[in-house]
Amino acid sequence: TTERIMVDDFIWTGYSSGGNIPPSITNITHTPSSGITSITSVSVSADVTDSDGTVEGVELHWGTISGSLGTTIAMSNSVGDTYITDSNIPAQIDGTTVYYEVYAIDDDADETSSSEHSYTVVDPVTTPLPYTQTFDADLDDCLAFSVAGGTKNWIWDNMGGSTDGHAYMNGYAGSNPEEDWLILPGINLNDYSNEIMQFYTFYEYGNDDADNYLKLFYSNDYAGVGDPTAATWTELSFIKAGTWGAWQPSYIVDLSAISGINVYVGFKYYSTAAPRSWRVDDISIFEGSIVDVTFQVNMAEQMVSGDGVHIAGSFDPWWNPAGIEMLDGDDDEIYTATLSLYSGIEYQFKYVNGNAWGLDEVVPAECRADGTSNRFEIVGTSSYSLDPVCFASCENCGVLSFFDITFRVDMKNETVLGG
């Protein structure tokens with residue numbers, strides 16, 4: 001006879017292959033994690049476990065060619081499941097990329113190797129003065145470092161070819177907060193005097209406030225590589241772009257009071273909920289030549305304020321309407337002030353009949369700096385005096401101007417006597 005066996009409702013409750021499970025390798029890190037230079041040796045650690053036995057050995061395999069990791073360093077258990085290299089990977093020359101993996105074997109001789117990891121050796125960059133950075137093709141010798149926000153950082157850009165190259169940072173669609181630094185090469189300022197800095201900025205979108213900004217700092221103790229937040233930074237004032245989509249000169253950033261053999265200057269970008277995009281270009285740092293310039297304003301047509309006459313501008317103290325008083329030493333109603341300024345630099349300024357904004361002059365359009373309401377002067381190479389001008393005028397007060405005038409009369413219907 002024919003018989004059938006029917007089986008139903010299987011439940012799988014377990015399985016044993018009879019084989020061994022190899023070791024597991026996780027949490028691989030190298031120390032230091034950043035700022036690795038040509039004098040830095042590096043240790044590696046990892047967590048190694050074996051679920052069905054014991055870990056018999058752990059090694060680091062490393063080399064300077066990806067896929068060719070021919071040098072071995074033993075790793076020993078330090079605490080818990082963590083193993084660390086018995087000796088460090090030796091220091092490598094600047095620009096070298098080191099590749100490494102962690103290898104483990106258990107008591108059943110089953111082996112595991114991690115994926116390949118790497119780090120690159122980068123030495124600090126320094127520069128003499130004068131220093132110029134125009135970002136023609138890339139960020140060149142400037143270091144971009146992201147402190148917060150893993151997907152955004154300073155990059156090179158040229159607006160699709162519509163502008164020259166420049167440094168660009170935009171925190172839009174990034175992290176909140178976003179903190180990214182663009183750091184210039186180190187400078188031995190002890191070798192120079194009267195150092196000044198100039199550059200241009202450009203912005204679009206977002207806000208400029210306590211939570212979204214571009215600021216300029218310098219440090220005497222930054223290592224030149226790695227995380228800048230480990231160093232001490234001091235803020236430097238500058239004029240930022242004030243109009244959407246327009247490049248703005250910073251005017252003078254005075255570095256002359258800063259000393260140190262390795263001084264780093266860096267732009268700090270920070271954004272939260274309202275990111276603004278910032279562009280930086282045409283950075284220059286150089287030694288300035290100081291000359292004395294005497295400014296003169298004629299107050300003959302004004303009732304002079306009891307608070308005096310002042311000059312305010314893009315010099316120290318920065319745009320302070322009460323900072324520099326002008327004096328009339330010979331009672332000719334011409335007030336003067338002599339300032340020590342840098343040769344070849346454009347300064348903007350206004351005269352103030354008093355010591356507060358609102359009492360400053362309205363400068364005629366024909367003697368304003370382009371795009372501003374200010375007077376301007378490009379300082380010459382030796383000390384000199386500007387010609388006096390009348391307050392709120394481009395010319396001096398009470399000066400007679402002489403012109404040649406030709407008078408004509410038609411005498412055809414008249415008898416000219418003696419003619």
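The second largest pocket has a volume of about 260 Å³. Pockets were defined on a 1 Å grid over the protein atoms alone, as open sets of points with protein on both sides within 12 Å along at least five of seven lines; a 1.4 Å probe fits at the points, and lining residues have an atom within 4 Å of a point. Grid points are joined across faces, edges and corners, and a volume is the space filled by probe spheres set on the points. The structure is a predicted model, in which local features need pLDDT of at least 70 and side-chain atom pairs count only at pLDDT 80 or more, while totals for chains, interfaces and linings use all residues. Residues are numbered from 1 along each chain as its sequence is written, and side-chain values use heavy atoms, with hydrogens and water left out.

The lining of the second largest pocket comprises 15 residues. Closest to the centre are Gln248, Pro249, Asp370, Gly371 and Thr372. Strands β17 (248–249) and β25 each supply at least two lining residues. Strands are DSSP runs of E with at least two residues, numbered from the N terminus. By class, this lining has 6 nonpolar, 6 polar and 3 charged residues. Ala, Val, Leu, Ile, Met, Phe, Trp, Tyr, Cys and Pro count as nonpolar; Asp, Glu, Lys and Arg count as charged; the others, Gly among them, count as polar.

The largest pocket holds about 410 Å³ of space. It is lined by 19 residues. Ile252, Asp254, Phe315, Asp316 and Trp318 lie nearest the centre. Two elements, β18 (253–254) and β24 (334–342), give two or more residues to this lining. The most comes from β24, with 4 residues. The class split of the largest pocket is 13 nonpolar, 4 polar and 2 charged residues.

Strand β14 (residues 195–204) connects to strands from both linings. It pairs with β18 in the antiparallel sense over 2 bridges, and likewise with β17 over 2 bridges. Two strands pair if DSSP finds at least two bridges between them. Ile196 has Asp254 as its bridge partner in β18. Thr201 has Gln248 as its bridge partner in β17. A further 9 bridges join β14 to strand β20 (residues 277–287), again antiparallel. Here the partner of Ile196 is Phe286. Strand β14 is mostly covered, with 9 of its 10 residues buried. Buried means under 20% relative accessible area, using a 1.4 Å probe and protein chains only.

Strand β25 also belongs to an open sheet. This sheet has 4 strands in the order β23-β22-β25-β26, with antiparallel pairing. Its edge strands, β23 (324–326) and β26 (375–378), each pair on one side only. On average, neighbouring strands are turned by 40° against each other, direction ignored; axes are lines fitted to C-alpha atoms, and angles generally run from 0 to 180 degrees between N-to-C directions. Strands β22 (residues 309–313) and β25 (residues 346–353) pair over 5 antiparallel bridges. Within this pairing, Val309 is matched with Asn353 of β25.

Aromatic contacts were then examined. A pair of aromatic rings is described by the distance of the centres and the angle of the planes. Rings of Phe, Tyr and Trp (its six-membered ring) pair if their centres lie within 6.5 Å; planes under 30 degrees apart count as stacked, over 60 as edge-to-face and the rest as tilted. The count comes to 17 aromatic pairs. One of them joins Trp181 and Trp233 in a tilted arrangement, at 4.8 Å centre to centre and 45° between the planes. This pair links distant parts of the chain, 52 residues apart. Trp181 sits in strand β13 (residues 178–183), and Trp233 in the loop between β15 (213–219) and β16 (234–236). Trp181 counts as buried because its relative accessibility is 4%. Trp233 is also buried, with a relative accessible area of 15%.

A second example is the stacked pair of Tyr213 and Tyr270, at 5.4 Å centre to centre and 15° between the planes. Again distant parts of the chain are linked: Tyr213 in strand β15 and Tyr270 in strand β19 (residues 264–271) are 57 residues apart. Both tyrosines are buried. For Tyr213 the relative accessible area is 9%. Tyr213 and Phe267 are 54 residues apart in sequence, and 10 Å apart in space from C-alpha to C-alpha. Trp181, Phe217, Tyr222, Trp233 and Tyr264 form one aromatic cluster.

Conventions:
Buried < 20%, exposed > 50% of the residue type's maximum accessible area, 1.4 Å probe, protein only.
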